[in-house]
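Me: I have a chain open on my screen and would like to learn how to read it feature by feature. Could you walk me through it?

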Amino acid sequence: QVQLVESGGGLVQAGGSLRLSCAASGRTFSRYAMGWFRQAPGKEREFVAAIRRSGGSTYYADSVKGRFTISRDNAKNTVYLQMNSLKPEDTAVYYCATGGFSGTSETYDYWGQGTQVTVSS
């Protein structure tokens, strides 16, 4: 059974930083791309960032490019999302997912339960 468990969310002031983690189990982690998505209240889930299975390529939504960094440690079966210069509009539940390397949620087949990120102004 594949499990993804996010952690690291919380409340932060605008301009601050947070680092999200997602620990994976139940499949060979290094064989799959990983992605981060987010969903704000009343909005559709949106793509944030993705990383290839080797970690050699990354892909970001324009809204977070230059502020967020996705990385992975295949030895620890963990993917990270370093979020800097946070803005109130980054407030959302953040989800990690495993599957294909893309910005489309349909290409990911397993999802975590999400972690709340709240950015105050």
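Reply: Gladly; we will go through the fold, the core, the disulfide and the salt bridges. Please keep in mind that this is a predicted model.

Me: Let's begin with secondary structure. How many helices and strands are in the chain?

Reply: A good habit is to list the elements before looking at side chains. Here there are 11 strands and zero helices, so the order from the N terminus on reads β-β-β-β-β-β-β-β-β-β-β.

Me: What does the radius of gyration say about the chain?

Reply: The idea is to set the value against what a compact globule of that length would have. For 121 residues that expectation is near 14 Å, and the chain, at 13 Å, agrees with it. The C-alpha trace spans about 40 × 25 × 25 Å along its principal axes.

Me: How much of the chain is buried, and what share of the contacts is long-range in sequence?

Reply: Of the 121 residues, 43% count as buried. For contacts, take the pairs at least 6 apart in sequence: 57% of these join residues at least 24 apart. On the outside, the chain exposes about 6200 Å², with carbon and sulfur atoms supplying 43% of that area.

Me: Now the interior. Which residues of the largest nonpolar core touch the most other members?

Reply: The general idea is that nonpolar side chains tend to be buried together in soluble globular proteins. In this model the largest nonpolar core holds 32 residues, and Trp36, Leu81, Met83 and Tyr94 touch the most other members. Two or more residues each come from E3, E4 (33-39), E5 (46-51), E7 (68-73), E8 (78-83), E9 and E11 (115-120). Strand E5 gives the most, with five residues.

Me: Which cysteines does a disulfide join, and are they buried or exposed?

Reply: Start with the sulfur-to-sulfur distance, then ask where each partner sits. The search of the whole structure finds one disulfide, and it joins Cys22 to Cys96 with an S to S distance of 1.9 Å. Cys22 lies in strand E3 (residues 18-25) and Cys96 in strand E9 (residues 92-99), so the pair ties together parts that are 74 residues apart in sequence. Both Cys22 and Cys96 are buried. The link of Cys22 and Cys96 is right-handed, with 50 degrees about the S-S bond.

Me: And how many salt bridges does a search of the whole structure find?

Reply: Five. For each one, check the N to O distance, the sequence separation and the exposure of both partners. Take Arg27 and Asp109, whose closest N and O atoms are 3.2 Å apart. Arg27 is in the loop between E3 and E4, while Asp109 is in strand E10 (residues 108-111), 82 residues away. Arg27 is partly exposed at 21% relative accessible area, and Asp109 is partly exposed at 44%.

Me: Which residues are joined into one network by salt bridges that share partners?

Reply: Follow the shared partners, and Arg38 is a good place to begin. Glu46 forms a salt bridge with Arg38, at 2.5 Å between the closest N and O atoms. Asp90 also meets Arg38 in a salt bridge, at 2.9 Å from N to O. That second pair links distant parts of the chain: Asp90 is in the loop between E8 and E9, Arg38 is in strand E4, and they are 52 residues apart. The network joins Arg38, Glu46, Arg67 and Asp90.

Me: Which of Arg38, Asp90 and Glu46 are buried, and which are partly exposed?

Reply: Arg38 counts as buried, at 5% relative accessibility, and Asp90 is buried as well, at 1%. Glu46, at 35%, counts as partly exposed.

Notes. Residues are numbered from 1 along each chain as its sequence is written. This is a predicted model: local features need pLDDT of at least 70, side-chain atom pairs count only at pLDDT 80 or more; totals for chains, interfaces and linings use all residues. Side-chain values use heavy atoms; hydrogens and water are left out. A disulfide is a pair of cysteine sulfur atoms within 2.5 Å. Helices (H or I, at least four residues) and strands (E, at least two) are DSSP runs, numbered from the N terminus. Buried means under 20% relative accessible area, exposed over 50%, partly exposed in between (1.4 Å probe, protein chains only). A nonpolar core is a set of buried Ala, Val, Leu, Ile, Met, Phe, Trp, Tyr and Cys residues joined through side-chain atoms within 4.5 Å. The radius of gyration is taken over C-alpha atoms; the globule rule is 2.2 Å times the number of residues to the power 0.38. Contact means heavy atoms within 4.5 Å. Accessible areas come from the Shrake-Rupley method with a 1.4 Å probe; for residues, only the protein chains shown count as cover. A salt bridge is a side-chain nitrogen of Lys or Arg within 4 Å of a carboxyl oxygen of Asp or Glu.
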